[in-house]
Amino acid sequence: MAGRDDFEARLRRLEQKAATQDAETLTAPNARQANTKKSTKAPLNPGMGNRLAIVLGFIALIGIALLAAWQFRQSPFQIVPTQLKDSLVSAEGWLSGSAPDPAETGPADPRVATRLQTHQGWSFESPGVANRGFDPLIMGDVTTGFDPALEVLAPQEFTVFEANSECRVRIPSQGDIVHNIRLESGNSKTQAHAFSTAAMAKALIGHIEGITSGHSGNYKIGSMADGQMSKIDVVITDTSGPVYLVLQDFAARTIWNLHLGEGVNLAHVVLIGETPAVAGLPEGAGLEALRISDFVERFEFGSNDKIEPCMVAPWRVPREDWLGLQKAKGGNQLFENQMYSYNAGARAFAAWYAEALAGWTPFENLVAVNQTAHVLAGPVPSTPVPYTPLQTRKAHILNTDHLVIGEDALRSLHDTTLEAAIGGSVAMLDPAPLQLGGQEQ
């Protein structure tokens, strides 16, 4: 019994630790699966069982439908169309310009194929380059030496630095030119993984449940804390003054790879995200970071979209070309709720930002897209900017519990931690059946 007690005590400690740090959990929605243990009760008559199953199924469906309808009506962020329209009218004035007309660029232009309009705005597939005007640019237009085959590699080295816990950032100096890059996430995945101990504990508990419920030792979907980091190239070309760069993602783990054009003076970089990192930071440039989850408990639709002292959540303002906004204006209630959250959250973020940066707004020289792998901050250069691959650089990363490179290292860390928690081999969780009296038990 001592071995079992030790295992249960370790497991309880894992569960308690996961519960206290649940805000950083990264487990997949389908990580928990039903127990597959067979029932020992005698089966019903087959015909009767089928009929009963059908009746119960209909009853369950009706019940689910009624419950869903009631919950939707009781939703605390349910809105009426007039509220949505009012919020959109006041928000539309925040941004100028519009997406280019495809007829003007011509469907034969291969650059157009790198852009995709989504429910949450434009996404750019590599080698497409996100930019302020949403023009169909590619990396060959702004850089030289870019090799897409190297995009998945991780930095040569990471240096950890601490987050700014004061919910404030350095105020731009007189003459600084503020540039804002804001997106949901990057779409160029690297071999680097950064995640919390709480996320790993949750994953391991899910793995234990999977094995002990009959899943024969294989990792389930979502059983490893992923935390895979994306790389986003930022090509900076503005030479009109010292650049104050604010890099923001929704709650992703992004490595911002900076490429400075000739004559660019990068004065300061602010990172806003979950576990952001930056590579290519020039000597003398300032650096600070705010971790969203340090100030915002839950970052999702209908939550944390009100003005608060530390509303460090970079929502984006819906544009007329968003497919989600078009559906909302067409009466789709789901998208009405989403667009309402985007607008309300963007206002709250703008209020915090203006106070933290002494009057600057988050719309100065803004590039705001759904997803991308490359961004241009400034005008298209007359001479392409030399590209430096990420794997040749050192990166600064916001403090994190675990940082591993490669899938093998990720699996090894989880296995080692799991074995320490159970006090031995993973096989102990799913022992071979005992033979008692000639019968398998």
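# Exercises: a cavity, salt bridges and backbone angles

Strand E15 gives three residues to the lining of the second largest cavity, the largest share of any element. (Strands are DSSP runs of E with at least two residues, helices are runs of H or I with at least four, and both are numbered from the N terminus.) The model is predicted, with local features needing pLDDT of at least 70 and side-chain atom pairs pLDDT 80 or more, while totals for chains, interfaces and linings use all residues. Residues are numbered from 1 along each chain as its sequence is written, and side-chain values use heavy atoms, without hydrogens and water.

## Exercise 1: Overview

Find how many helices and strands the protein has, and what share of its residues is buried.

Step 1. Take the elements: there are nine helices and 21 strands.

Step 2. Take the burial. Of 441 residues, 46% count as buried. (Buried is under 20% relative accessible area, exposed is over 50%, and partly exposed lies in between, with a 1.4 Å probe and protein chains only.)

Step 3. Look at contacts, meaning heavy atoms within 4.5 Å. Take those between residues at least 6 apart in sequence: 76% of them join residues at least 24 apart.

## Exercise 2: The second largest cavity

Describe the volume and the lining of the second largest cavity.

Step 1. Start with the count: three cavities reach 30 Å³ or more. (A cavity is a set of points on a 1 Å grid over the protein atoms alone, where a 1.4 Å probe fits but cannot get out; lining residues have an atom within 4 Å of a point.)

Step 2. Read the volume. The second largest cavity has about 40 Å³. (Volume is the space filled by probe spheres set on the points, which are joined across faces, edges and corners.)

Step 3. Locate the lining. Residues from several stretches take part, among them Gln117, Trp122, Phe134, Arg316, Trp322 and Asn370.

Step 4. Name the elements. Strand E2 (121-124) and strand E15 (366-372) each supply at least two lining residues.

Step 5. Sort by class: five lining residues are nonpolar, four polar and three charged. (Ala, Val, Leu, Ile, Met, Phe, Trp, Tyr, Cys and Pro are nonpolar; Asp, Glu, Lys and Arg are charged; the others, Gly among them, are polar.)

## Exercise 3: Three salt bridges

Which residue pairs with Arg168, which with Glu184, and which with Asp233?

Step 1. Count first: the model has nine salt bridges. (Each is a side-chain nitrogen of Lys or Arg within 4 Å of a carboxyl oxygen of Asp or Glu.)

Step 2. Arg168 pairs with Glu355, at 3.2 Å from N to O. Arg168 is in the loop between strand E6 (157-161) and strand E7 (177-186), and Glu355 is in helix H8 (residues 333-356), so this bridge ties together parts 187 residues apart in sequence. Arg168 is partly exposed at 32%, and Glu355 is exposed at 53%.

Step 3. Glu184 pairs with Arg316, at 3.0 Å from N to O. Glu184 sits in strand E7 and Arg316 in the loop between strand E14 (286-291) and helix H7 (323-329), so the pair joins parts 132 residues apart in sequence. Glu184 is buried at 13%, and Arg316 is buried at 2%. Arg316 also lines the second largest cavity.

Step 4. Asp233 pairs with Lys231, at 2.7 Å from N to O. Asp233 is buried at 0%, and Lys231 is buried at 1%.

## Exercise 4: Backbone angles

Locate Cys167 and Asn365, give the phi of each, and say whether they are buried or partly exposed.

Step 1. Recall the background. Most residues other than glycine have a negative phi, and most peptide bonds are trans.

Step 2. Cys167 has a positive phi of about 60° and is not a glycine. Cys167 lies in the loop between E6 and E7. Cys167 is buried, at 1% relative accessible area.

Step 3. Asn365 has a positive phi of about 45° and is not a glycine either. Asn365 lies in the loop between H8 and E15. Asn365 is partly exposed, at 25%.

Step 4. Add a peptide bond. The one from Ser126 to Pro127 is cis, with omega near 10°. Pro127 is in the loop between E2 and strand E3 (128-129).

## Exercise 5: Two residues in helices

Place Gln338 and Asp141 in their helices, and give some neighbours.

Step 1. Gln338 lies in helix H8. Gln338 is buried, at 13% relative accessibility.

Step 2. Gln338 and Leu325 are 13 residues apart in sequence, and their C-alpha atoms are 8.8 Å apart.

Step 3. Asp141 lies in helix H5 (residues 139-142). Leaving out residues up to four places away in sequence, Asp141 touches Arg111, Pro136, Val380 and Pro381.

Conventions:
On a 1 Å grid over the protein atoms alone, a cavity is a set of points where a 1.4 Å probe fits but cannot get out, and a pocket is an open set with protein on both sides within 12 Å along at least five of seven lines; lining residues have an atom within 4 Å of a point.
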